[in-house]
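Biologist: Let's go through this one together before I set anything up. Please start with a spot in a loop, and then we can wander from there.

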Amino acid sequence: MSRPHLRPDGPPGATDTLVRGETYVLTTVYALVFYVATALLVGGLAFRVWQYATTPAPLKIPTTPAPTTRTGVWFRMAREVVLFQSLFKSNKWIWLFGYLFHGALALVLLRHVRYFQEPVWTVITLIQPFGKYAGFAMIAGLGGLWARRLLVPRIRYITNPSDHLMLGLLVAIGLSGLGMKFLAHTDIVAVKAFFLGLMRFNPQPLPADPALLIHLGLVAALMIVFPFSKLLHAPGVFFSPTRNQVDNPRERRHVAKWATARYESGK
Ligand code: HEM
């Protein structure tokens with residue numbers, strides 16, 4: 001079936017030229033957006049991590065009971081990152097929804113790795129069927145976390161508009177992704193060619209499907225706000241003095257680096 005002519009009076013082939021022109025503009029715009037978003041994500045994250053790493057921790061404040069050795073701290077941090085241990089101790093409901101969301105997000109992101117590599121690693125191929133349904137679990141987790149912000153009075157009181165914005169952004173990304181997977185399919189081979197092309201500075205045509213364009217636009221927005229938002233708690237947990245300090249104040253005197261420098265310079 002031939003494509004409908006946008007200009008019925010135009011010469012044959014005019015539509016193709018028009019479509020090619022539109023695809024070119026769309027591809028260029030999205031390619032630029034993703035280059036800028038990636039630069040801001042990587043540069044912003046590096047800057048924030050540098051800020052965290054160079055912020056003095058003048059006090060010895062590990063939350064006790066705390067490990068008394070460095071190895072113990074490694075294990076404590078691992079339990080924190082993998083199991084969300086302190087959240088589990090403080091609130092079972094938030095832990096449940098938080099864990100559901102983060103676990104599902106990890107699966108979804110791993111499933112997406114296939115768009116960025118050729119050949120695809122076996123482990124990425126193996127998790128594909130699970131990743132597909134993880135999208136629903138991700139939305140369920142976010143729904144629980146959002147409901148808590150709306151329905152629990154003392155949480156609603158400390159909720160900012162940006163908290164709603166982040167939850168809304170993640171829900172919209174998930175729903176547009178699920179929409180593509182189960183309702184309005186897109187050409188995922190072309191999507192992969194576009195992103196592999198981006199990584200080689202040679203972008204290929206991006207399909208002009210609305211769900212895909214919304215999904216990718218929201219993902220780019222997420223990448224841009226990530227380093228400046230509360231979502232930064234992901235790298236931040238590693239720099240939390242209450243979690244990363246050894247409980248050894250009786251064995252070793254704790255002096256912050258800046259204090260040592262001032263003491264030695266005599267100022
Ligand atoms: C540049 C990065 C991304 C690209 C190229 C991309 C592309 C896609 C595509 C093409 C689909 C449809 C899959 C299919 O029909 O089989 C999809 C689905 C989905 N996307 Fe993304 N996406 C990206 C980032 C993200 C992020 C950051 C999230 C979560 C925060 C996300 C969440 C989802 C979900 C939940 C689905 C539905 C389940 C699935 O098919 O895995 N996507 N994505």
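Modeller: Pro-65 is located in the loop that runs between α1 (14-54) and α2 (70-83), where helices (H or I, at least four residues) and strands (E, at least two) are DSSP runs numbered from the N terminus. Residues are numbered from 1 along each chain as its sequence is written. This is a predicted model, in which local features need pLDDT of at least 70 and side-chain atom pairs count only at pLDDT 80 or more, while totals for chains, interfaces and linings use all residues.

Biologist: Cis or trans, the peptide bond from Thr-64 to Pro-65?

Modeller: The bond from Thr-64 to Pro-65 is cis, and its omega lies near 0 degrees. A cis peptide bond also joins Glu-118 and Pro-119, with omega about 0 degrees, and Pro-119 belongs to the loop between α4 and α5.

Biologist: What pLDDT does the protein average?

Modeller: The average is 89, and 91% of the residues score at least 70, pLDDT being the predictor's confidence in each residue, from 0 to 100. Confidence is highest in helix α9 (residues 210-225), at a mean of 98, and lowest in helix α12 (residues 257-265), at 70. Over residues 1-12 the pLDDT is below 50, and beyond near neighbours in sequence this stretch has 9 contacts in the model, a contact being a pair of residues whose C-beta atoms, placed from the backbone, lie within 7 Å. Where pLDDT is low, the predicted coordinates should not be read in detail.

Biologist: On to the ligand, then: which residues come nearest?

Modeller: Of the 23 residues around the ligand, the nearest are Gly-135, Gly-174, Gly-177, Met-180 and Lys-181; a residue counts as near if its C-beta atom, placed from the backbone, lies within 6 Å of the molecule.

Biologist: And which helix gives the largest share of that shell?

Modeller: That is α7, with 7 residues. At least two residues of the shell come from each of α4 (92-112), α5 (122-151), α7 (161-182), α8 (188-199) and α9.

Biologist: How many residues of the shell are charged?

Modeller: There are 3 charged ones, alongside 12 nonpolar and 8 polar. In this scheme Ala, Val, Leu, Ile, Met, Phe, Trp, Tyr, Cys and Pro count as nonpolar, Asp, Glu, Lys and Arg as charged, and the others, Gly among them, as polar.

Biologist: Back to α5 for a second: where does the kink in α5 lie?

Modeller: It lies at Gln-128, shortly before the proline Pro-129, and amounts to about 50 degrees, the bend at a residue being the angle between axes fitted to the seven residues ending there and the seven starting there. End to end, the 30 residues of α5 reach 43 Å from the first C-alpha to the last, close to the 44 Å expected at 1.5 Å a residue, with the expected span taken as 1.5 Å times one less than the number of residues.

Biologist: Which residues of α5 are buried?

Modeller: Gly-131, Ala-134, Gly-135, Met-138, Ile-139, Gly-141, Leu-142 and Leu-145 are buried in α5. A residue is buried if 20 or more other C-beta atoms lie within 10 Å of its own, exposed if 12 or fewer, and partly exposed in between, with C-beta atoms placed from the backbone. The cover over the buried residues of α5 includes α4 and α7.

Biologist: Different topic: what is the phi of Phe-201?

Modeller: Phi of Phe-201 is near 55 degrees, which is a positive value in a residue other than glycine. Phe-201 comes just after α8, in the loop between α8 and α9, and α8 itself has 12 residues and reaches 17 Å, close to the 16 Å expected.

Biologist: Buried or exposed, that Phe-201?

Modeller: Phe-201 is exposed, because there are 8 other C-beta atoms within 10 Å. Phe-84 has a positive phi too, near 55 degrees, and lies in the loop between α2 and α3, but Phe-84 counts as partly exposed because 18 other C-beta atoms are within 10 Å.

Biologist: Last one: what is Gln-85 in contact with?

Modeller: Leaving aside neighbours within four places in sequence, Gln-85 is in contact with Arg-79 and Glu-80. Gln-85 is part of helix α3 (residues 85-90), and its C-alpha atom is 8.8 Å from that of Trp-95, 10 residues apart along the chain.

Definitions and conventions: Two residues are in contact if their C-beta atoms, placed from the backbone, lie within 7 Å.
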